[in-house]
Amino acid sequence: MTSIPILNKNPVEGFSAGLIDDEDIYKWEVVIIGPQDTLFEGGFFKAYLTFPYDYPLRPPKMKFITEIWHPNVAKNGDVCISILHEPGEDQFGYEKPEERWLPIHTVETIMISVISMLADPNSDSPANVDAAKEWREDPNGEFKRKVARCVRKSQEMAFD
């Protein structure tokens, strides 16, 4: 049987994680708190982590359930960061194999990467081209307004 990582006794600040249903160890819910000193500060962004049955050989999929406007999050909520990409060579030559999924990654390392992604978007390889364009051209204009709206909505939903 595949083992799913259990969070250690020194949890990473900025998120919480747990099983959606105690009967299914492959589906987790996470809540990421918007990092301080970023446009996402104060937000509570809920996402699902879905582990494949052959974890840790293959990466989990991560999808935000809370609306979020970010270059590395597709409009449907799918997270696009290197460590969640299948292991091996990148067919487009953009990522090095060591930047992609490795079996040593855990929920903690994934969450650290996602929190880092929120603080420092990668607009060179976007999942949301519109957000990437706004981030590059006017990060304190329309991009900032859309993120602020997502943060407000996430705060309202956090206490429903």
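**Close-up of the cis peptide bond before Pro-56.** Pro-56 is found in the loop between β3 and β4. Strands (E, at least two residues) and helices (H or I, at least four residues) are DSSP runs, numbered from the N terminus. Tyr-55 and Pro-56 are joined by a cis peptide bond, with omega of about 15 degrees. The structure is a predicted model, in which local features need pLDDT of at least 70 and side-chain atom pairs count only at pLDDT 80 or more, while totals for chains, interfaces and linings use all residues. Residues are numbered from 1 along each chain as its sequence is written, and side-chain values use heavy atoms, with hydrogens and water left out.

**Close-up of the paired strands β1 to β4.** Strands β1 (residues 15–21) and β2 (residues 24–33) run antiparallel and are joined by six bridges; two strands count as paired if DSSP finds at least two bridges between them. Two residues lie between β1 and β2, and the two strands form a hairpin. Within this pair, Ala-17 stands opposite Val-30 in β2. Strand β2 also pairs with β3 in the antiparallel sense, over seven bridges, and here Glu-29 stands opposite Tyr-48 in β3. Strand β3 in turn runs antiparallel to β4, and four bridges join them. Tyr-48 appears in this pairing as well, opposite Lys-63 in β4.

**Close-up of the two faces of β4.** In a regular strand the side chains alternate between the two faces of the sheet. Along β4, Met-62 and Phe-64 point to one face and are buried, whereas Lys-61 and Lys-63 point to the other and are not. Buried denotes a relative accessible area under 20%, exposed over 50%, and partly exposed in between (1.4 Å probe, protein chains only).

**Close-up of Asp-37 in the loop between β2 and β3.** Asp-37 has a positive phi of about 60 degrees although it is not a glycine. Its relative accessible area is 75%, so Asp-37 is exposed.

**Close-up of helix α3 and its buried side.** Helix α3 comprises residues 142–158. Its 17 residues should span 24 Å at 1.5 Å a residue, and its end C-alpha atoms are 24 Å apart, so the two values agree; the expected span is 1.5 Å times one less than the number of residues. The buried residues of α3 are Phe-143, Val-147, Cys-150, Val-151 and Ser-154. They lie on the same side of α3 because they cover an arc of only 105 degrees around the axis, the arc being that of the directions from the helix axis to the C-beta atoms. These buried residues pack against β3 (44–50) and α2 (129–137). Arg-145 and Glu-156, on the other side of α3, are exposed.

**Close-up of Ser-154 in helix α3.** Ser-154 has a relative accessibility of 1% and therefore counts as buried. The side chain of Ser-154 reaches the backbone nitrogen of Phe-44 at 3.0 Å. Residues up to four places away in sequence aside, Ser-154 touches Gly-43, Phe-44, Phe-45 and Thr-66; contact means heavy atoms within 4.5 Å.

**Close-up of Cys-80, listed by UniProt as an active site.** The UniProt listing of Cys-80 under "active site" comes from an unreviewed entry. UniProt positions are given in the numbering used here, feature names are shortened, and annotations may be inferred rather than shown by experiment. Cys-80 lies in the loop between β4 (61–64) and α1 (107–119). With a relative accessible area of 23%, Cys-80 is partly exposed. Not counting residues up to four places away in sequence, Cys-80 touches Asn-72, His-85 and Ala-127.

**Close-up of Pro-97 in the loop between β4 and α1.** Pro-97 counts as partly exposed, at 29% relative accessibility. Its contacts, leaving aside neighbours within four places in sequence, are with Gly-88 and Glu-89. The C-alpha atoms of Pro-97 and Glu-86 are 9.4 Å apart in space, and the two residues are eleven residues apart in sequence.

**Close-up of Glu-108 in helix α1.** Glu-108 has a relative accessible area of 10% and so is buried. The side chains of Glu-108 and Thr-106 are joined by a polar contact of 3.0 Å. A polar contact is a pair of N or O atoms within 3.5 Å; within protein, one must be able to donate a hydrogen and the other to accept it, and residues adjacent in sequence count only if both atoms are side-chain atoms.
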